Number of protein chains: 2
Amino acid sequence: MASNEIINNKMRKEGTHMKTVKEGETYDCLRLENQLCFPLYVCAKEIVRRYKPFLDEIDLTYTQYIAMMALWDKKKLNVKELGDMLFLDSGTLTPLLKKMEEKGLLTRTRSKEDERNLIVEITDKGEALKEEAKTIPERLGSCLSMSEEDAGKLYEILHRFMGTI
Amino acid sequence: MASNEIINNKMRKEGTHMKTVKEGETYDCLRLENQLCFPLYVCAKEIVRRYKPFLDEIDLTYTQYIAMMALWDKKKLNVKELGDMLFLDSGTLTPLLKKMEEKGLLTRTRSKEDERNLIVEITDKGEALKEEAKTIPERLGSCLSMSEEDAGKLYEILHRFMGTI
DNA sequence: TACAATTAGATTGTACACAATTATTAATAT
DNA sequence: ATATTAATAATTGTGTACAATCTAATTGTA
């Protein structure tokens, strides 16, 4: 059964938000509180917003932060590989990486073997930033106030869905 | 316990992605695959992307779609109330509502009682769009391929978190 | 070996998001 | 009654996102 129907059925069973039987049956699926995507969209924005004060301290935006995570891990990769890891395309990454290059966090060089590839490599300064960033996840977690169980379950469900992208 | 630690502990228990004991203990929290925010951010973008073909049919963006949902429900409200419902501020809403007004979906009028308030009211054309939109949730659900259980659990966890915003 | 198809990035254009600031109006506190 | 404060939108500036298009390099193939 499709996920939207579950949510709608769940709402109907609880007897909430129904105006008339007919209107409820036909349009309840168009109510904000019955959406699955809307809270996902809201929660994602909210958590990025909560990262901001911590990321400001090390002068990174959230997108730059996840790009650094990829680089702390891989050290060197091309734009395509980075895009696959972050689920971002060149339209987003090109200007982002140029800014990060200006900040001295990485270098951008065309590959000798295949000139189509742009190699992105972390610098010493980029590596050093890891030391400053390492306290962020714990400090963020402390201000999220989500139970251990919810966090684990959420992680599990989202990763299952990401596998289908 | 903070949610990030749970994820990290979980990862450690599973023995994945550890390089050395020291490095694992110190930096595992900075690995993309140990983040809770990252999959949330990716999944939210992905679902909005999957809405696009359906929303293109009725010439709405995702943000305009959730604004219409609020209007289909409330018929008339001011920008502040709309912002509270959608978790968006006037910087996002002002240009969005102007575009929707141009499309004839709503009207924007200053309140007589309190000139600070801008009243946003749905038009007949806006109401009529509901009829075209009503099949979207089901059609979207069909292409999400998320289990009934996951969808319900996800809905529950996200709403619990939204309650803390 | 020409040449079509593919691939990787960059560019362009549109649409958010949101912080910070400003302008207007309303409420309130002397 | 006036000065102060608060509330509400609008504006400005920065930073994503992503579709569509373009260019250059590489690969596959007849």
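Which residue's side chain meets that of A:Arg31 in a salt bridge? The partner is B:Asp73, at 3.3 Å from N to O; a salt bridge here is a side-chain nitrogen of Lys or Arg within 4 Å of a carboxyl oxygen of Asp or Glu. The model is predicted, so local features need pLDDT of at least 70 and side-chain atom pairs count only at pLDDT 80 or more, while totals for chains, interfaces and linings use all residues. Residues are numbered from 1 along each chain as its sequence is written, chains are lettered from A and ligands numbered from 1 in the order in which they are written, and side-chain values use heavy atoms, leaving out hydrogens and water.

**Chain A with chain B**

- In chain A, 73 residues are in contact (heavy atoms within 4.5 Å) with 74 residues of chain B.
- Between the two chains, about 7200 Å² is buried, 70% of it from carbon and sulfur atoms; buried area is the accessible area (1.4 Å probe) that two parts lose on being put together, summed over both.
- On the chain A side, A:Leu30, A:Tyr155 and A:Phe161 lose the most area to chain B, together 11% of what that side buries.
- The two chains share four salt bridges.

**DNA strand C**

- Around DNA strand C there are 29 residues (a heavy atom within 4 Å of the strand), and A:Tyr41, A:Lys80, A:Ser90, A:Thr94 and B:Thr61 come nearest.
- Of the strand's atoms within 4 Å of the protein, 79% belong to sugar or phosphate and the rest to bases.
- A backbone N or O atom of A:Lys80 lies 2.7 Å from a phosphate oxygen of the strand.
- An N or O atom in the side chain of A:Arg116 is 3.2 Å from a base oxygen of the strand.

Technical notes: Polar contact = N/O pair within 3.5 Å; in protein donor to acceptor, adjacent residues only side chain to side chain.
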